[in-house]
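Dear colleague,

I am handing over the structure that you will find directly below, and I would be grateful if you could look through it alongside the notes that come after it.

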Amino acid sequence: SYLLFVVFSISTSVIISMIYSSVILWICTLRMLSSFSPSANCKRECVRSIQMGTGNVFGKLFRISTFGESHGKGVGVIVDGCPPRMPISVEDIQRELNRRKPGQSRLTTPRDEEDIVEILSGTDDGVTTGSPISMLVRNKDQRSKDYEDMVTKYRPSHADATYDAKYGVRAVAGGGRSSARETIGRVAAGAIAKKLLSYYSGVEIIGFVQRVQDIEYEIEDHDALTEDMVEANIVRCPDAAIAEKMIQRIDDIRRSGNSIGGVVEVVARNVPSGWGAPVFDKLEAELAKACMSLPASKGFEIGSGFRGTLLSGYDHNDEFYVDENGRTRTRTNRSGGVQGGISNGENIVVRVAFKPTSTIGREQNTVTREGENTTIRAKGRHDPCVLPRAVPMVESMVALTLADALLQHHAQCELFPRDFLFGQQNAAEVGVVPNRLGKRLDLP
C-alpha cells in the first residue's frame with residue numbers, strides 16, 4: 001500500500017508539473033508575440049504595400065515586373081530568369097519599342113516620345129549574365145494639364161473609378177498605371193523573350209491587324225506571312241487593299257473625335273511540341289491570361305476559336321498523318337497548335353479583340369468623385385484605334401508566355417535524357433552536368 005501511495009504521488013506531481021510548464025510556455029509565447037506586434041500605422045502600411053504590389057509580375061521562371069506611370073519620370077521592366085551567355089543588344093530591344101512608340105503615323109497618338117531604352121543591369125559586353133535585366137525608358141513629353149478635369153471627374157469606361165474604389169488614390173495624369181504606356185516594359189522584355197525563342201528553335205512570332213471594326217482580313221497561309229508584309233503599311237495589315245480600307249475607316253473616325261476597335265492575330269511558328277501543362281497551367285490558358293492583361297483587350301481566341309462551335313466534331317478534329325520526314329503532323333490546325341494544354345508542334349495561332357479607345361474627344365455623361373452628375377470632354381492625346389500599336393504588344397505577351405513555358409518544360413522534363421538509365425548512370429556521366437568545378441561526380 002505504501003509503495004502504491006508513493007507511485008501515485010510521484011505520477012500526480014509529474015502531471016501537475018507538465019501542465020504548469022505548458023501554461024507558463026503559452027504565456028511566455030503570447031507575451032513574446034505581443035511584443036513584436038506592429039503598430040496600427042505599420043499594419044496599414046503593410047496592407048497598402050500588398051495592395052499596390054499585386055498584379056505587376058508575370059511569369060514563373062522567365063519573370064518580368066513592370067514599373068512606372070504614364071506621366072511619371074519613366075517606365076520600365078525587370079526581367080529575371082533569362083539564361084546567361086545569350087547575345088542581346090540595345091538595338092534588338094529598341095527595334096521592338098520603335099514599333100510600339102507613339103507618333104509613328106497619323107493613326108496613332110501624336111504624343112512625341114522617342115522611347116529610348118537604357119539597359120541598367122543584367123548584360124555585359126553584349127551578352128546576358130544570368131542576373132536580373134533592368135531596362136528604363138524616360139518620359140519626356142508629358143502634358144499633365146490636359147488631365148486637370150479628371151481630378152474630380154471619371155472618364156467613362158476608363159479605370160479612374162475602379163482605381164479610386166480599390167486604392168483610394170490614383171495617378172490622374174495620363175491614367176497612371178492603367179495607361180498603355182505601361183506596355184513599354186512588356187515590349188522590351190518581349191524582345192528578349194523573342195531572342196531566346198529564336199536561339200532555341202528558330203521560333204518566329206508575327207502579328208498583324210486582322211480586323212478593324214467590320215473590315216476583315218482572312219489569312220490563307222500563316223507559313224507565308226512575313227514581317228515585311230505586316231510593316232508595309234501604317235495599319236499593319238498584310239493585304240494592301242484591305243489595309244487601305246482600314247486606314248480610311250480609322251481616319252474617318254479620328255476626324256469625328258471618336259474611336260474604334262478590332263482584332264489582332266498572332267502566329268508563333270517553329271514552337272516545339274511538349275510545352276505547357278494539362279490542367280490549370282494549360283498553354284492556351286497562360287496565353288489567354290497574358291493577352292487579356294493588355295490594356296483595352298476584351299476577347300481571346302486560339303485556333304478555330306468561337307467559330308469552331310459551329311462545326312461538328314468530325315469536321316473540327318485535326319487528323320494526324322506522318323510527313324515525308326517521319327514526323328507526326330496534323331492536316332488542319334483548328335486546335336491552334338495546342339492540344340490538351342500542350343503544344344503539338346504546329347503553328348500557334350491566337351486572336352485578341354480590342355475595344356475602342358475609352359478616351360475620346362466627345363462630350364459624355366459621367367459623375368464626379370463626390371457622386372454628382374456632370375459631363376466630360378476628354379483632352380489629351382490618344383489613339384483613335386489601338387490596333388496598329390497593339391501588334392507588337394500581343395507579340396510580346398505571346399513571346400513571354402512561350403519563353404516561360406520553355407524554361408518550365410526543361411526544368412521538369414529535360415533534366416535527364418529520354419533514354420537515361422536511372423540507378424545505372426548519373427547525369428555527369430552522360431554529359432548533362434558539364435561544369436568542371438568541384439570534385440568528380442562518380443556513380444555511387
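What follows is a description of the salt bridges, the cysteines and one strand.

Please keep in mind throughout that this is a predicted model.

Salt bridges

The structure holds 31 salt bridges, and three of the pairs are described here. In one of them, Lys-194 is paired with Glu-96, and the closest N and O atoms are 3.2 Å apart. This pair links distant parts of the chain, since Lys-194 belongs to helix α5 (residues 183-201) whereas Glu-96 belongs to helix α3 (residues 90-100), with their positions 98 residues apart. Lys-194 has a relative accessibility of 14% and counts as buried, and Glu-96, at 5%, counts as buried as well.

A further salt bridge joins the side chains of Glu-114 and Lys-101, at 3.7 Å from N to O. Both residues sit in the loop between α3 and β4 (117-121), 13 residues apart, and the pair is again one that links distant parts of the chain. Here the burial is uneven: Glu-114 is partly exposed at 43% relative accessibility, while Lys-101, with a relative accessible area of 18%, is buried because that value falls under the 20% cut-off.

The pair formed by Arg-254 and Asp-251, at 2.9 Å from N to O, lies within a single element, as both residues are in helix α7 (residues 240-255) and stand 3 residues apart, about one turn of the helix. Arg-254 is partly exposed, with 32% relative accessibility, whereas Asp-251, at 5%, is buried. Apart from these individual pairs, salt bridges with shared partners connect Arg-95, Glu-96, Arg-99, Lys-194, Glu-227, Glu-231, Arg-236 and Glu-395 into one network.

Cysteines

How many disulfides does the model contain? The count comes to 0 disulfides, the criterion being a pair of cysteine sulfur atoms within 2.5 Å. As for the surroundings of individual cysteines, Cys-291 is buried, at 0% relative accessible area, and Cys-413 is partly exposed, at 33% relative accessibility.

Strand β11

Strand β11, which covers residues 297-302, is mostly covered, with 5 of its 6 residues buried. Its pairing with strand β16 (residues 348-354) is antiparallel and runs over 5 bridges, and within this pairing Glu-301 stands opposite Arg-351 of β16.

With kind regards

Technical notes. Residues are numbered from 1 along each chain as its sequence is written. This is a predicted model: local features need pLDDT of at least 70, side-chain atom pairs count only at pLDDT 80 or more; totals for chains, interfaces and linings use all residues. Side-chain values use heavy atoms; hydrogens and water are left out. Buried means under 20% relative accessible area, exposed over 50%, partly exposed in between (1.4 Å probe, protein chains only). Helices (H or I, at least four residues) and strands (E, at least two) are DSSP runs, numbered from the N terminus. Two strands pair if DSSP finds at least two bridges between them. A salt bridge is a side-chain nitrogen of Lys or Arg within 4 Å of a carboxyl oxygen of Asp or Glu.
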